[in-house]
Amino acid sequence: MSGDEIDFWEGKGGAVEKGAGIAAGEGNAKRRPLEPGYIDVPENPDEPLRLIASYSTEADTYYFPRRYRCPRTEAPVEDRLLSPVGTIYSWTYVHFASMGRVKYAESDGYGVAQVDFPEGPRVQGVIHGVMGDWEIGMKVKVVLHPVAVDDDGTELCSYAFQAVSGDEK
């Protein structure tokens with residue numbers, strides 16, 4: 001395995017990311033992925049978060065979310081990490097309750113972007129900020145997006161996107 005590959009589909013529900021469940025928030029807050037198999041949370045908090053994709057060697061194509069087999073060739077695929085930074089292809093602003101909520105967000109809504117990664121996949125997700133913060137072609141990084149809190153106080157997170165600063169590009 002190369003450095004960008006991870007163990008494939010461990011257990012019943014999918015691979016558990018390297019470093020899953022480590023402290024990744026402010027102060028004493030603990031965070032972990034809501035569902036394993038989408039986000040690689042590195043053990044070193046200085047390393048960027050990355051999305052977990054599948055790669056088909058036969059089709060020379062990356063897929064997100066992960067798959068068991070290549071949809072084009074039906075051959076087995078390998079897990080690979082996508083680059084930590086992508087480019088906004090398109091974005092919109094949603095005036096509707098966000099995931100896991102039954103009422104509108106505290107604000108007037110939230111952004112959703114389609115982000116192109118260098119490996120090929122176009123990934124859709126929440127984008128942090130307010131309307132007017134984003135432009136098509138802007139560089140964004142993968143960040144944790146809290147959606148619920150576990151009984152022990154651990155924040156359960158999905159992925160989202162956030163504009164990168166000049167030194168992160």
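Guide: Before we start, one rule: a charge sits over a ring if NZ of Lys or CZ of Arg is within 6 Å of the ring centre and within 35 degrees of the ring normal. Also, this is a predicted model.

Visitor: OK, so which residue lies over the face of Y89?

Guide: That's R122, at 3.3 Å from the ring centre of Y89.

Visitor: What does the chain average for pLDDT?

Guide: The average is 80, and 75% of the residues score at least 70. Over residues 1–28, though, the pLDDT is below 50. That stretch still has 63 contacts in the model beyond near neighbours in sequence.

Visitor: And where is confidence highest, strand-wise?

Guide: Strand β4, residues 61–63, at 97. The lowest is strand β1, residues 31–33, with a mean of 84.

Visitor: Let's go inside. Which residues touch the most other members of the largest nonpolar core?

Guide: L51, F117, V123, Y159 and F161, out of 23 residues in that core.

Visitor: Which elements give two or more residues to it?

Guide: Strands β3 (50–56), β6 (85–94), β7 (110–116), β8 (122–127), β9 (139–149) and β10 (155–163).

Visitor: What does Y159 touch, leaving out residues up to four places away in sequence?

Guide: Among others, I39, L51 and F64, then V123, Q124 and G125, plus H145. V142 and V143 are on the list too.

Visitor: Switching to aromatics: how many pairs does the structure hold?

Guide: Seven. In one of them, W91 and W134 meet edge-to-face, 5.0 Å centre to centre with 70° between the planes. W91 is in strand β6 and W134 in the loop between β8 and β9, 43 residues apart.

Visitor: Is W91 buried or exposed?

Guide: Neither: W91 is partly exposed, because its relative accessible area is 27% and partly exposed covers the range between under 20% and over 50%. W134, at 3%, is buried.

Visitor: Why is the F117 and F161 pair called tilted?

Guide: Because the planes are at 45°, and stacked needs under 30 degrees while edge-to-face needs over 60. The ring centres of F117 and F161 are 6.2 Å apart.

Visitor: Where do those two sit in the chain?

Guide: F117 is in the loop between β7 and β8 and F161 is in strand β10, so the pair ties together parts 44 residues apart in sequence. F117 counts as buried at 5% relative accessibility, and F161 counts as buried at 0%.

Visitor: Which aromatic cluster are they in?

Guide: F117 and F161 form one cluster with Y38, F64 and Y159. You've met Y159 already: that's the residue touching F64.

Methods
Residues numbered from 1 in each chain as written. Predicted model: local features only at pLDDT ≥ 70, side-chain atom pairs only at ≥ 80, totals over all residues. Heavy atoms only, no water. pLDDT = per-residue confidence, 0-100. Helix = DSSP H or I, 4+ residues; strand = E, 2+ residues; numbered from the N terminus. Contact = heavy atoms within 4.5 Å. Core = buried A, V, L, I, M, F, W, Y, C linked by side-chain atoms within 4.5 Å. Buried < 20%, exposed > 50% of the residue type's maximum accessible area, 1.4 Å probe, protein only. Phe/Tyr/Trp six-rings, centres within 6.5 Å; stacked < 30°, edge-to-face > 60°.
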